[in-house]
Amino acid sequence: MRPASYIVIAALAGFVGGNVLQLPELVDKVSSKFADNKSEPADFWSTPAIAGYGKIHFVNTPDYNPANTPGLSNKIVFQINRTEGDVRQPNLGLERVARVTNLYYAAGVPLNQLNFVVSINSDAVPAALNNDQFRKAYGTDNPNLKLIDELKQAGVKVTICDQSVAFHQLQRDWIDTRVTHTLSSGTTVATLQNEGYAFLML
């Protein structure tokens, strides 16, 4: 290899190495450009229908507002099939159901006009365990039960796929009584879609 090639390689290595060493500083500079350093008002976030869950920032705009669109059935089936993050925190899929409920309610749709069904299956099954079984598995009370209570009080029906219960080798009576058993999540979603429910995978 020619001496000139060594010089070029050394220069490139120095350039790359120098920039890698400066990477944390560059990340901080870029992050600060996008960071919102302004403090939010106390009422910026709210949970108007599902107290303490699914926080929203409501902006009253006419476009695609379900309360302003005549003839809507407001029928949605939500499928939750995974556990994200810490299982000792409320399932993020259930939090998203709470968020959608809060948004519809804040937009002006009464809770008794919402037809929401949640279908829990696959790796999300632990969210539906009763406290005794959840404590045995994870050493703490099930953090989802209060959220499921709040959803039910708002008229949201929470169901569990019995095929997933069997697949995970759980007993049916390990599922909390707040949750309704169904034959399967697939048949639940398909049946409700045939009845005109919109489908949201969470």
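Let me start with Y64, which sits in the loop between α2 and β1 of what is, I should say at once, a predicted model. The phi angle of Y64 is near 60 degrees, and that is a positive value in a residue other than glycine. Is Y64 buried or exposed? At 82% relative accessibility Y64 counts as exposed, because the cut-off for that word is over 50%.

In that loop between α2 and β1 we also find P62, and P62 is exposed too, with a relative accessible area of 63%. If you look for A107 in the structure, you will see that its C-alpha atom and that of P62 are separated by 9.5 Å, although the two residues are 45 apart along the chain.

A107 and Y64 come up again when we turn to the largest pocket, since both are among the residues that line it. The lining also includes H57, F58, V59, T61, D63, N65 and P66, and then, further along the chain numbering, L103 and Y104. About 170 Å³ of space lies in this pocket, and if we sort its lining by class we get seven nonpolar, three polar and one charged residues.

The third residue of this loop that I would like you to find is N74, which lies in the stretch between α2, residues 23-34, and β1, residues 75-80. How accessible is N74, and is it buried or exposed? Its relative accessible area is 8%, and it is therefore called buried, the limit for that being under 20%. What does N74 touch, once we leave aside its neighbours within four places in sequence? The contacts are with P66, Y104, V109, Q113, L114, N115 and F116, and two of these, P66 and Y104, we have already met in the lining of the largest pocket. With Q113 there is something more particular to look at, because the side chain of N74 reaches the backbone oxygen of Q113 at 3.5 Å, and a pair of N or O atoms within 3.5 Å is what we call a polar contact.

Now let me step back to the whole chain. The protein chain has seven helices and five strands, and from the N terminus on their order is α-α-β-α-β-α-α-β-α-β-α-β. Of its 202 residues, 35% count as buried. If we take the contacts between residues at least 6 apart in sequence, 69% of them join residues that are at least 24 apart.

Helix α5 lets us look at burial in one element. Which residues of α5, which runs over residues 145-153, are buried? They are L145, L147, I148, E150 and L151, and what covers them includes α3 (92-107), α4 and β3 (157-161). Just after α5 comes G155, which takes a positive phi of about 95 degrees.

With α4 we can look at both ends. At its start, a side-chain oxygen of N130 reaches to within 3.2 Å of the backbone nitrogen of D132, while just after α4 there is G139, with a positive phi of about 75 degrees. Before α4, in the loop between β2 (115-120) and α4 (131-138), you will find S122. S122 is not a glycine, and yet its phi is positive, at about 55 degrees. Its relative accessibility is 29%, so S122 counts as partly exposed, a term kept for values between 20% and 50%.

Next, the enclosed space. Rolling a probe the size of a water molecule over the atoms shows where empty space is left. The count comes to one cavity of 30 Å³ or more, and about 50 Å³ of space lies in the largest cavity. Its lining is made by T83, E84, D86, V87, Q89, P90, N91, P126, A127 and N144, which by class are four nonpolar, four polar and two charged residues.

Finally, a word on confidence. The chain averages a pLDDT of 87, and 81% of the residues score at least 70. Where does pLDDT stay under 50? One such stretch is residues 6-13, for which the model has two contacts beyond four places in sequence, and another is residues 15-21, for which it has one such contact.

Conventions:
Residues are numbered from 1 along each chain as its sequence is written. This is a predicted model: local features need pLDDT of at least 70, side-chain atom pairs count only at pLDDT 80 or more; totals for chains, interfaces and linings use all residues. Side-chain values use heavy atoms; hydrogens and water are left out. Helices (H or I, at least four residues) and strands (E, at least two) are DSSP runs, numbered from the N terminus. Buried means under 20% relative accessible area, exposed over 50%, partly exposed in between (1.4 Å probe, protein chains only). A polar contact is a pair of N or O atoms within 3.5 Å; within protein, one must be able to donate a hydrogen and the other to accept it, and residues adjacent in sequence count only if both atoms are side-chain atoms. Contact means heavy atoms within 4.5 Å. On a 1 Å grid over the protein atoms alone, a cavity is a set of points where a 1.4 Å probe fits but cannot get out, and a pocket is an open set with protein on both sides within 12 Å along at least five of seven lines; lining residues have an atom within 4 Å of a point. Grid points are joined across faces, edges and corners, and a volume is the space filled by probe spheres set on the points. Ala, Val, Leu, Ile, Met, Phe, Trp, Tyr, Cys and Pro count as nonpolar, Asp, Glu, Lys and Arg as charged, and the others, Gly among them, as polar. pLDDT is the predictor's confidence in each residue, from 0 to 100.
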